[in-house]
Amino acid sequence: MLTYAAKRLGLSVVIVSVAMALLFCMIYLVPGDPASVALGPRATEAMKEALRVRMGLDQPIWVQFWNFYSDAWRGDFGVEVLSERPVIDVVFEQLPYTLALIAGGITWSVGLGIPLGCWAAVKRGSFADRLVGVLSVAVIAIPSFVVAIYALLIFAVSLRWLPAIGAGEPGDLGDQLVHLILPSLAVGLGWVGYIARMVRASMLEVLETSHIRTARAFGLPEGLITYRYALTIAILPTVTLLGVGVGQMLSSAVFAEIVFARPGIGRLVYDAILTRNFPVVTGAVLVTTVFFVLVNLIADLVIGALDPRVRSSF
Amino acid sequence: MTVLTIRDLNVVFSTEAGPLHALKDVNFEVPERRIVGIVGESGCGKSTLINAILGLLADNGGVTGGSITFEGQTDLVGLSPDKMRALRGERISTVFQDPMGALNPVLSIGRQMVNIQYRSGLSRAEKEARAAEMLELVRIPDARAALSRFPHQFSGGMKQRIAIAMALMMEPALLIADEPTTALDATLEVATIELLKDLQEKIGCSVLFISHHLGVIAELCDEVVVMYAGEVVERGDVRSIFNDPRHPYTRRLLECDPARQSSRTRNLPTIPGEIPDLRARPRGCVFRPRCDLAVDTCADPQAERDLGGGHQARCQKAQGLTNTMAELGAAT
């Protein structure tokens, strides 16, 4: 297991490096001069030139790349254009809100998706199965910003059950959790459908295998067969899917954070793009990339923990 | 006393193309401490028979008639799922054909063997000790350590021995072995058969041994049931079946056994034709369309003819078909 984890971690470092190189290329290729954007239309040529030198933009591309690369590994993404605070501080200030939102989205999708998929597979062909099937497709089809707006209108505005905006009082965990319910539902609802469908399909496949037949032939209780013998295997593709799903949840987090006026990475990037605050965009994107790679690393480690065949193949 | 008595068993599956009569009027017994072999081509209903005994028929299938009496008193047909589950693994256990797929890939051998003993009331340590003892009995080296290993860490032959250990752990009255050696190579096959026979004597259970390998059946079994297209065409003790077969199908089947070929042949003999579509069974004898001895009256319903000594054949010519195995030059 340790070798597996070490190898998987090494692979993650490579992936982050490649992502950084791609990000650098994208920034370099984007038209427009960061210095003139930062200083506005009334800046003189000398002022722009001075800022370019300060930002290192006058140096050859490979020097710029190396500087970017070595700074990034040290967690130094430069300073925010307006306040001159270090970008990394600005990003880490916002990160917990987005992490909470994604965690909430995963909780919704796993907490509802896995039991529903499992139930549909066990009751295959029944009304419950068909209902889960229809509902899954329906929630997959609804874009998360639509879920966000309607959840806000129904539960916050009309019914007044839950708060409409903000992230809750700092330090008051209960209040923060209450503020998290609707935004995380907006982020996670589509994934309830994906996961329910995925779990149902792989459960049906696993329930047909001969080792499940063996377990039945040994008279094991159905509950043990369903949850311990079948679901442990059926869950594996879902864990991988969820690793990828976090990436998509990160993008729906942008909408949820804007609609519910929550702080967070999505909102930070959105505002930074509008104000051409490129160091913040770069820093936020890289931190998000690292987060995404980490989540997939965790997903692979979970699979390794669940499946001994994966452990020994590394 | 017989462990298993099957009387006039009929199993029908409903399919989109109409009802499929998978087992028709099946009769046979498994006496105590005996090994009964079931032989037949693929698709003859062997697997359906096992599933019917275990109460594990697919949802679209069901027993439409007859009885499966276990240990002289319990009729397994129509037994409640809970009572059936209580028998499975405890009094009736099974070794399946595919050792690669028959064990759960994500649970350790020990965990799976402990789970099987969930009704025993033993402590965890006692269950593990019992599991290790069984693994030793099937000659798994370092049995204690093997408990914490996973199926993919064993070879095919070892996995099949582990499956046998699991099946016999609860000392069942009946072991159903569904082609347990088909997926193994020839040397492992012999070793596994010997092990099975050895353990059967030690534990004193009966075995229902399913195979299409005639040599293995002849070697291992006391009695043989020959199945064709969901019917028992002939049954009797192993000597009668192999030396004095009376049903034309059994005779053709034995002729086709490669081990019986006395000289080098370019083409191995086969039985012309195919197993009939079970949705549209031929009238009368089920083998009639492929039988070269068929006459008009074979289209009438055929009863089992008693040939003495428990030897039965479902053929009206059975009494007349004597000693021709030798004449055919196929007897060895």
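**Exercise 1.** In this predicted model, find which residues of helix 9 (residues 210–217) of chain A are buried, and what they pack against.

*Solution.* Start with the cut-off: a buried residue has 20 or more other C-beta atoms within 10 Å of its own. In helix 9 of chain A, His211(A), Thr214(A), Ala215(A), Arg216(A) and Ala217(A) are buried. Next, look for their partners. In chain A, these buried residues pack against helix 10 (222–259). In chain B, they pack against helix 1 and strand 6. Finally, look past the end of the helix. Gly219(A) follows helix 9 of chain A, and its phi is positive, near 70 degrees.

**Exercise 2.** Describe the side of chain B that touches chain A.

*Solution.* Count first. Contact involves 22 residues of chain B and 19 residues of chain A. Now assign elements. Helix 2 (81–87), strand 6 (92–95) and helix 3 (109–116) of chain B each give at least two residues to this side. Helix 2 of chain B has the largest share, three residues. Then sort by class: 11 residues are nonpolar, seven polar and four charged.

**Exercise 3.** Work out the strand order of the four-stranded sheet in chain B, and place helix 1 of chain B on its strands.

*Solution.* The sheet is open, with order 2-1-4-5 and antiparallel pairing. Strand 2 (18–31) and strand 5 (74–75) of chain B are the edges; each has a single partner strand, so one side of each lacks a neighbour in the sheet. Take one pair. Strand 1 (residues 2–15) and strand 2 of chain B share 10 antiparallel bridges. Ile6(B) stands opposite Phe28(B) of strand 2. Now add the helix. Helix 1 (residues 46–54) of chain B lies across strands 1, 2 and 4 (61–70) of chain B. Its angle to strand 2 of chain B is about 70 degrees.

Terms used
Residues are numbered from 1 along each chain as its sequence is written. Chains are lettered from A and ligands numbered from 1 in the order in which they are written. This is a predicted model: local features need pLDDT of at least 70, side-chain atom pairs count only at pLDDT 80 or more; totals for chains, interfaces and linings use all residues. Two residues are in contact if their C-beta atoms, placed from the backbone, lie within 7 Å. Ala, Val, Leu, Ile, Met, Phe, Trp, Tyr, Cys and Pro count as nonpolar, Asp, Glu, Lys and Arg as charged, and the others, Gly among them, as polar. Two strands pair if DSSP finds at least two bridges between them. Axes are lines fitted to C-alpha atoms, for helices over the stretch in contact, and angles run from 0 to 180 degrees between N-to-C directions. A residue is buried if 20 or more other C-beta atoms lie within 10 Å of its own, exposed if 12 or fewer, and partly exposed in between; C-beta atoms are placed from the backbone.
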